[in-house]
Amino acid sequence: MKRLYVVFLVVLLLLGLFSCGLRIPEKAPEKVSVKYTKYLEFPITTFNFKAGDLLENILKGIEGGPFKVLKENPIKLTYATEVSYSPGTILKDVKQQIENNLLNFGESFSFKLDTEGFLAELSGTLPLPQMPTQAQESVIDISEVAINNLTLAENVPIVIGPNESLLLSDLLTVLPFDEANFKEAKIELTFTGTGGWNFGVIIDGVERPLNTTIALFIKKSSSLVLKNKTSNTVSGNITLKLTNLKLNYFKNLKVSDVTSDGKIAINIPSQNIRITSGDWYLKLGGKIKNTLDIPGFSGMIKQTLNLMSGRINLGSQSANSLLLEVPVNEVYFKVGDGIQLSGNIELSGTVSADFRDRKPKVTIEPDVTLKAVKNFEFTVTVPKPDIVQSISFTNDSGYMVVDFDGLTLKEATTTFGETIKDSKVKVSFKGVSLPKDIVVVLEGDITSETISYEANIPEGQTIKIANAVVDSSLVADKKINIEYPIPEIIKTIVNSLDANIVVKIKYKIKGISGLSMNISSNFFDSGTGNVTFNDTNGTEQEHTISANKTINFSTFNKFELNIEPSLSGNITLSNVDLAEGAYLIFTPEISTFEVSNVSLKGQNYEFDELASIDLDQIFTGDAEFLKDFDYDISAVVKVDITNSDIPITVELDASGTKITITKGEEKDIGNIIEDFIKQGGVMKIGAKIQTGDGILNENSEIIFGMNFNIPFSLTAKDKDVKVASGPVEQDLSTLKQVADIVKKADLKFKIWNNTTGLNVRVKLKKGSTEILSTDISTIDPVISLTKEQLQQLGEGGVSYEILVPKDQNLSLNYNGLLQMAPYIAVELNVATEVKLK
């Protein structure tokens, strides 16, 4: 019937064709003409220039030298140095030695027994502990879950022939999960009936032992077979149970079917968050985050977390998710007790989990801030001033008050001269001898992460020094000993000079007398000897040490200055009001340091290599074409001696090219450096400096400087610059053969990336005859080729040239690119005949 239906359709189709006027040939043609288009490609070359690579080449070329590279637009290579030498610089090290020693002397020798000094000791920051922020991770020690026994069949009637099996897979539909892995299980089978008792329970093709603990993987979709291992027909009832069950994997477990209360309970391991040791109390604000990681978990969960510190409840919270945040109750607890965390997890409903390879984890993350402290104790040591042997205060001395920033004080107990309990920190100096510790125990609210404090003396309070002994031996240790040898270089180039040096020792003394200083020097001749410094009653006075003389370096070999203070004996201060104070303040300084009339010896100095650069490292590979551009290089060298008639000459040696520069002259050797760029090799710059005899005045200055600036801002000034050239390796003879059937021929570019801003000229040549010359500046250039050009290219011996046309400018920035891969693309009209017989 089907065959007749197909024949019927063919007949209808033929009738339709004839009815439309179509004529079907009597026989098939012997041949057919076919026309199609064929596409050919002929690669010419590839070129890849990156300014970033040029920069790397520059860095290699100047490695270890003084040149620097600036990643500007354009890239620049720079070198700058200037040596300035004046009379003042000749003895600058001497001046520095004196200044440093005078500064150290003034700082170490001076001391104050006044309010300012003691207030400084009572300022700082409160040493509060850092609140814990580190996450703590722990493992929940659970590898299985115990569930109730499962009854698969109870008193189910069976009849099984001798050595035959009975399929009981339908019994597994009562399983309360889709699949599960029992870490421990027992299969219990009971039978009442006739025919004997020797059964095998086969699950998923594997016979399982009965009435013994085994590991068991089972699904609702598993196969369950009961095999009769006897030669008799058995008939009766069976009961099949799974008992002593411990799961370590379960999928879609109905918890209500396997536990008495419909829940699986898991304890969260207890953890302790330590803050610091101590018996003081604090309040915290913020929260503690608890994150559970249960492998393979899905379903309903409830976790509860409790926060305790000792017996103090710091918070409790529950959540039906793996993430729980517990707000911390703002109540006081002992800091040394830390925070203890405990909790539990309840799984209910339909759940999944997998403990086979990894146990669950819990991560605790504190996010808390310190809100308040109570019974917080901190200690501040008030030292004895270095220059004082002993110091004590009168029994009627008052107190200082310590103010806090970042702490709202509620109550404080302060122990120093006496114990004062108050709403402020009051530091009593009554009968105190130093050194001594101030002990403060306070309570207050924290308002800032950092708590600073400083002291003041409130109005109406007087603090008096009962006795203070200034030890004469301590004074004697504070002395100056300067011994500075004159460097050989100075003695070599300088005959003599005039030096005018004035040192002023400014001082204020109150309450101390009998101080003297023995001042000696091989240079200073005024203000030396044994000098007495009397009590100035707090007003500033000064003592001057000076000299204005000629130093002859043929005999003056070192500079010496010694200042040794002494006291006539120990000084005892009594009943001194701290507000008025007793003090000894020295601020010595150089007020005048003048050098003039420097008599120089004529000298010759040779510097073999001031700078060097390996140009072959820079202009190499695809960057070699840059050598043929014209550069705008500034390389100025100058030498001068101002305000002096001393002659000076510099002879530069630029890799064999000598340039002479005389006093007051500047020369630009940029053209010489440009020539070296074009030639290549290593360019080295050395110098010889020659000076004559003469005098440098105080305002004279010797200057020698070089300032090179080589920007990669280039010009093809006089001619086209050849970027790349070479023979076309590709066989182009096919072009001559197909020239007559070419539909279309173009010079195209597989790669064209030009971010330099240049127009590029591409030439194809045969010998000296140009076949093609075209300038390219477009984004995706295409150049049409004529039949004649194709025939010439097909004759072979073709070379290519890539050029930058004359008068083009190039400014290379770090991201500049010039990449190209030209090729000839040809489309052919091809016609052929295909024989069919």
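How many bridges pair β52 with strand β57 in the antiparallel sense? Keep that in mind as a destination; the tour starts with the whole chain and reaches that pair at the end. The model is predicted.

**Whole protein**

Show everything as a cartoon. The protein has eleven helices and 59 strands. Its radius of gyration is 51 Å, whereas the globule rule gives 28 Å for 837 residues, so the protein is more spread out than a compact globule. Turn the view along the principal axes: the C-alpha atoms fill a box of roughly 140 × 100 × 50 Å.

Switch to a surface. About 41,800 Å² is exposed, and carbon and sulfur atoms supply 45% of that area. Buried residues account for 44% of the 837. If you draw contacts between residues at least 6 apart in sequence, 84% of them join residues at least 24 apart.

**Strand β15 and its partners**

Select residues 224–228, which form strand β15. Four of the five residues here are buried, and the strand is mostly covered. Now add 165–167, strand β10, which runs antiparallel to β15 and is joined to it by three bridges. To find the register, label L167, whose bridge partner in β15 is V225.

Next add strand β12, residues 199–203, which pairs with β15 in the antiparallel sense over five bridges. Here the residue to label is F199, whose bridge partner in β15 is N228. Such pairing in a sheet goes through backbone hydrogen bonds, either parallel or antiparallel.

**Strand β29**

Move to residues 425–428, strand β29, and show side chains. V425 and V427 point one way, K426 and S428 the other. Which of these are buried or exposed? All four named residues are buried, the lysine and serine included.

Add residues 399–405 for strand β26, which pairs with β29 in the antiparallel sense over four bridges. One place to check this pairing is Y399, which stands opposite S428.

**The sheet of β42, β48, β45 and β46**

Select the four strands of this open sheet; across it the order is β42-β48-β45-β46, and the pairing is antiparallel. Its edges are β42 (603–614) and β46 (657–662), each of which pairs on one side only. Neighbouring strands are turned by 15 degrees against each other on average, direction ignored.

Inside the sheet, pick β45 (residues 648–654) and β48 (residues 682–691), which pair in the antiparallel sense over seven bridges. A654 stands opposite I685 in β48. Then show residues 670–679, helix α9, which packs on the sheet and touches β45, β46 and β48. The direction of α9 makes about 165 degrees with that of β46.

**F712**

Go to the loop between β50 (701–711) and β51 (713–715), where F712 is found. F712 counts as buried, with 2% relative accessibility. Select L812 as well: F712 and L812 are 100 residues apart along the chain, yet their C-alpha atoms are separated by 5.8 Å.

**The sheet of β52, β57, β54 and β55**

The last stop is another open sheet of four strands, in the order β52-β57-β54-β55, with antiparallel pairing. β52 (721–727) and β55 (769–776) stand at the edges with a single partner strand each, so one side of each is left without a neighbour in the sheet. The twist averages 15 degrees from one strand to the next.

Zoom in on β52 and residues 798–804, strand β57, to settle the opening question: six bridges pair them. Label G726 and Y800, which are bridge partners in this pairing.

Finally, select helix α11, residues 787–794. α11 lies across β54 (760–766), β55 and β57, running at about 120 degrees to β55. Which residues of α11 are buried? They are Q789, L790, L793 and G794. Look down the helix axis: these buried residues fall within an arc of 135 degrees, so they line one face of α11. An α-helix has 3.6 residues a turn, so residues three or four places apart point the same way. After α11 comes G796, with a positive phi near 85 degrees.

Methods
Residues are numbered from 1 along each chain as its sequence is written. This is a predicted model: local features need pLDDT of at least 70, side-chain atom pairs count only at pLDDT 80 or more; totals for chains, interfaces and linings use all residues. Side-chain values use heavy atoms; hydrogens and water are left out. Two strands pair if DSSP finds at least two bridges between them. Helices (H or I, at least four residues) and strands (E, at least two) are DSSP runs, numbered from the N terminus. Axes are lines fitted to C-alpha atoms, for helices over the stretch in contact, and angles run from 0 to 180 degrees between N-to-C directions. Contact means heavy atoms within 4.5 Å. The radius of gyration is taken over C-alpha atoms; the globule rule is 2.2 Å times the number of residues to the power 0.38. Buried means under 20% relative accessible area, exposed over 50%, partly exposed in between (1.4 Å probe, protein chains only). Accessible areas come from the Shrake-Rupley method with a 1.4 Å probe; for residues, only the protein chains shown count as cover. The arc is that of the directions from the helix axis to the C-beta atoms.
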